[in-house]
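Please consider the sequence and the three-dimensional model shown here. The explanation that accompanies them proceeds in steps.

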Amino acid sequence: MVLEFIENFIVSNPKIGVIAIAVLISLIVTLANYFLMDKRRMREIKDKQKFLQAELKKHKGNKDKEMEISQELMGHAAEMLKHSFKPMIVTMLPIIFIFGWMRKLLVDTSIAGTWFWWYLIGAIVSGIIFRKVFKLP
């Protein structure tokens with residue numbers, strides 16, 4: 001019954017429906033990041049990266065020092081990727097199913113060819129807002 005209501009709403013108001021789903025998915029992804037990521041460690045890594053980037057600018061021209069700092073930066077980037085991988089795994093499968101459902105649902109609507117762009121804009125904007133609200137790095 002609830003799914004029928006959602007489907008009818010999306011088909012009758014496709015732009016609003018797609019943006020609403022994008023906001024909902026962004027909220028779920030942000031909550032997954034909030035609860036599954038080590039926020040303290042992510043902030044430490046980000047601060048260290050900022051410091052190293054400033055050091056890189058300071059040592060411009062010194063190839064040996066630049067190489068050393070760049071390698072350290074890449075190590076921190078790899079660690080950040082490792083920390084963000086867990087929430088991504090948890091949220092990816094449901095999102096894939098939702099995308100298939102939306103594509104099938106929106107095939108006969110006015111935004112059939114552009115629904116993904118509506119989704120993307122809604123997800124980016126709401127994702128930025130939710131990350132600020134939850135103070136995620």
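The paragraphs below treat a helix, a pocket, the aromatic pairs and several single residues in turn. The model is a predicted one.

Helix 2 is a convenient starting point. With 23 residues at 1.5 Å a residue, helix 2 should span 33 Å, and its end C-alpha atoms lie 32 Å apart, so expectation and model agree. Ten of its positions can be listed as buried: Pro14, Gly17, Val18, Ile21, Ala22, Ile25, Ser26, Thr30, Ala32 and Asn33. In an α-helix there are 3.6 residues a turn, so residues three or four places apart point the same way. What do the buried residues of helix 2 pack against? Their partners are helix 1 (2–12), helix 4 and helix 5 (115–133).

Asparagine 33 belongs to helix 2 and deserves separate attention. Its relative accessibility is 11%, and because the limit for burial is 20%, asparagine 33 counts as buried. Beyond residues up to four places away in sequence, asparagine 33 touches Pro87, Arg131 and Leu136.

Asparagine 33 also leads to the largest pocket, since it is among the lining residues. This pocket has a volume of about 190 Å³. Its lining is formed by Val29, Asn33, Met37, Ser84, Pro87, Met88, Thr91, Met92, Ile95 and Arg131. Two elements each supply two or more of these residues, namely helix 2 (14–36) and helix 4 (63–105). Which of the elements gives the largest share of the lining? Helix 4 does, with six residues. Sorted by class, the lining comprises six nonpolar, three polar and one charged residues. Pro87 and Arg131, both in the lining, are also among the residues that asparagine 33 touches.

The aromatic residues offer a further view of how parts of the chain meet. A pair of aromatic rings is described by the distance of the centres and the angle of the planes. The structure contains eight aromatic pairs. In one of them, the ring centres of tyrosine 34 and phenylalanine 134 are 5.5 Å apart and the planes meet at 55°, so this pair is tilted. Because tyrosine 34 lies in helix 2 and phenylalanine 134 in the segment after helix 5, the pair ties together parts that are 100 residues apart in sequence. Tyrosine 34 is partly exposed, with a relative accessible area of 29%, and phenylalanine 134 is likewise partly exposed, at 23%.

A pair with another geometry is made by phenylalanine 99 and tryptophan 115: the ring centres are 5.7 Å apart and the planes stand at 85°, so the pair is edge-to-face. Phenylalanine 99 lies in helix 4 and tryptophan 115 in helix 5, 16 residues apart, and the pair links these distant parts of the chain. Is each of these rings buried or exposed, wholly or in part? Phenylalanine 99 counts as partly exposed at 23% relative accessibility, whereas tryptophan 115 counts as buried at 9%. Ring pairs join both residues to Phe116, Trp117 and Tyr119 in a cluster.

Two charged residues show contacts elsewhere in the model. Glutamate 66 is located in helix 4 and is buried, with a relative accessible area of 16%. When residues up to four places away in sequence are not counted, glutamate 66 touches Leu56, His59, Lys60 and Gly61. Lysine 48 is found in helix 3 (residues 39–58) and is partly exposed, with a relative accessible area of 33%. Its contacts, apart from neighbours within four places in sequence, are Glu72 and His76.

Distances along the chain and in space can be set side by side. Lysine 48 and aspartate 108 are 60 residues apart in sequence, and their C-alpha atoms are 50 Å apart. Asparagine 8 and leucine 105 are 97 residues apart along the chain, yet their C-alpha atoms are separated by 9.5 Å. Asparagine 8 lies in helix 1 and counts as exposed at 52% relative accessibility.

A backbone detail completes the account. Most residues other than glycine have a negative phi. Lysine 135 is not a glycine, although its phi is positive, at about 55°. Lysine 135 is placed in the segment after helix 5 and, at 59% relative accessibility, counts as exposed.

How values were computed. Residues are numbered from 1 along each chain as its sequence is written. This is a predicted model: local features need pLDDT of at least 70, side-chain atom pairs count only at pLDDT 80 or more; totals for chains, interfaces and linings use all residues. Side-chain values use heavy atoms; hydrogens and water are left out. On a 1 Å grid over the protein atoms alone, a cavity is a set of points where a 1.4 Å probe fits but cannot get out, and a pocket is an open set with protein on both sides within 12 Å along at least five of seven lines; lining residues have an atom within 4 Å of a point. Grid points are joined across faces, edges and corners, and a volume is the space filled by probe spheres set on the points. Helices (H or I, at least four residues) and strands (E, at least two) are DSSP runs, numbered from the N terminus. Ala, Val, Leu, Ile, Met, Phe, Trp, Tyr, Cys and Pro count as nonpolar, Asp, Glu, Lys and Arg as charged, and the others, Gly among them, as polar. The expected span of a helix is 1.5 Å times one less than its number of residues. Buried means under 20% relative accessible area, exposed over 50%, partly exposed in between (1.4 Å probe, protein chains only). Contact means heavy atoms within 4.5 Å. Rings of Phe, Tyr and Trp (its six-membered ring) pair if their centres lie within 6.5 Å; planes under 30 degrees apart count as stacked, over 60 as edge-to-face and the rest as tilted.
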